[in-house]
Amino acid sequence: NLSQVTIMEPSCGEGAILLAIVQRLAESSAAFGFDLNEAFHHCVFASDIDTEKTDICIRQIHAAFPEIVHPEKNIVAEDYLLSTHSSVDIVVGNPPYIRYEEIPEDKLADYRAFPTFFYRADIYVPFFEKSLSELNPGGTHCFICANRWMRNQYGKKLRQLIAQYYSIEKIVNLEG
């Protein structure tokens, strides 16, 4: 029964992962008899910095799940790293990959406020930090991402943060 499980997709893009989330919620709704629209608005949250992508995502959710009224209330065009959100039970997604050199200069000062964002870190590093901080106690975090942070210098502070405050149940390596 997923009627009370809250979930955040912090960089939803056009909605590939979000559509799968809503499909699972719809299946749970059918099995347990709760209202899908109500559960969506209570449980599912997503954002992306690209307005065009969030518009596509919203259209796809509406087309696939017409019973969800105004999905745009929970799918927001924003800079996730500079926004405030309620804590959730699950964070899942595929964070953006933007090399340090390609981050707009006007954003660097704001992003440097994240302690894990140092040296020449990719933008996905502060996505980890922020999304981990928004988990409810006992929550689950799952990102599809490169594993470079686990061995490169720029991942040192993220590794320290995770080792100090979180536990890792499983890391799946899809390479080779």
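**Exercise 1. Classify Arg120 as buried, partly exposed or exposed, then place its salt bridge.**

Step 1. Arg120 has 41% relative accessibility, so Arg120 counts as partly exposed. The structure is a predicted model.

Step 2. Find the partner. Arg120 forms a salt bridge with Glu101, with the closest N and O atoms 2.2 Å apart.

Step 3. Locate both ends. Arg120 sits in the loop between H4 and H5, and Glu101 in the loop between S4 and H4. The two are 19 residues apart, and the pair links distant parts of the chain.

Step 4. Classify the partner. Glu101 is partly exposed because its relative accessibility is 42%.

Step 5. Look for shared partners. Salt bridges join Arg99, Glu101 and Arg120 into one network.

**Exercise 2. Decide whether Asp79 and Asp122 are buried or exposed, and name the salt-bridge partner of each.**

Step 1. Apply the cut-off: buried means under 20% relative accessible area. Asp79 has 11%, so Asp79 is buried. Asp122 has 5%, so Asp122 is buried too.

Step 2. Pair Asp79. Lys107 forms a salt bridge with Asp79, the closest N and O atoms being 3.0 Å apart. Lys107 lies in helix H4, while Asp79 is in the loop between strand S3 (75–77) and S4. They are 28 residues apart. Lys107, at 21% relative accessibility, is partly exposed.

Step 3. Pair Asp122. Its side chain meets that of Arg148 in a salt bridge, at 4.0 Å from N to O. Arg148 is in the loop between S5 and H6, and Asp122 in the loop between H4 and H5, 26 residues apart. Arg148 is partly exposed, at 33%.

Step 4. Set these in context. The structure holds five salt bridges.

**Exercise 3. Find which element supplies the largest share of the largest nonpolar core.**

Step 1. Size the core. It has 24 residues. Leu81, Phe117, Phe128 and Trp149 have the most contacts inside it.

Step 2. List elements that supply at least two residues each. They are strand S4 (88–93), helix H4 (105–111), helix H5 (124–133), strand S5 (135–143) and helix H6 (156–165).

Step 3. Pick the top contributor. H5 gives five residues, the largest share.

Step 4. Inspect Leu81. Beyond four places in sequence, its contacts include Tyr111, Phe114, Ile123 and Phe127.

Step 5. Check for another core. A second, separate one has 21 residues, among them Ile7 and Cys12.

**Exercise 4. Which backbone oxygen does the side chain of Ser11 reach?**

Step 1. Place Ser11. It is in the loop between strand S1 (7–9) and helix H1 (16–32).

Step 2. Ser11 is buried because its relative accessibility is 12%.

Step 3. The side chain of Ser11 reaches the backbone oxygen of Asn94 at 2.9 Å.

Key
Residues are numbered from 1 along each chain as its sequence is written. This is a predicted model: local features need pLDDT of at least 70, side-chain atom pairs count only at pLDDT 80 or more; totals for chains, interfaces and linings use all residues. Side-chain values use heavy atoms; hydrogens and water are left out. A nonpolar core is a set of buried Ala, Val, Leu, Ile, Met, Phe, Trp, Tyr and Cys residues joined through side-chain atoms within 4.5 Å. Buried means under 20% relative accessible area, exposed over 50%, partly exposed in between (1.4 Å probe, protein chains only). Helices (H or I, at least four residues) and strands (E, at least two) are DSSP runs, numbered from the N terminus. Contact means heavy atoms within 4.5 Å. A polar contact is a pair of N or O atoms within 3.5 Å; within protein, one must be able to donate a hydrogen and the other to accept it, and residues adjacent in sequence count only if both atoms are side-chain atoms.
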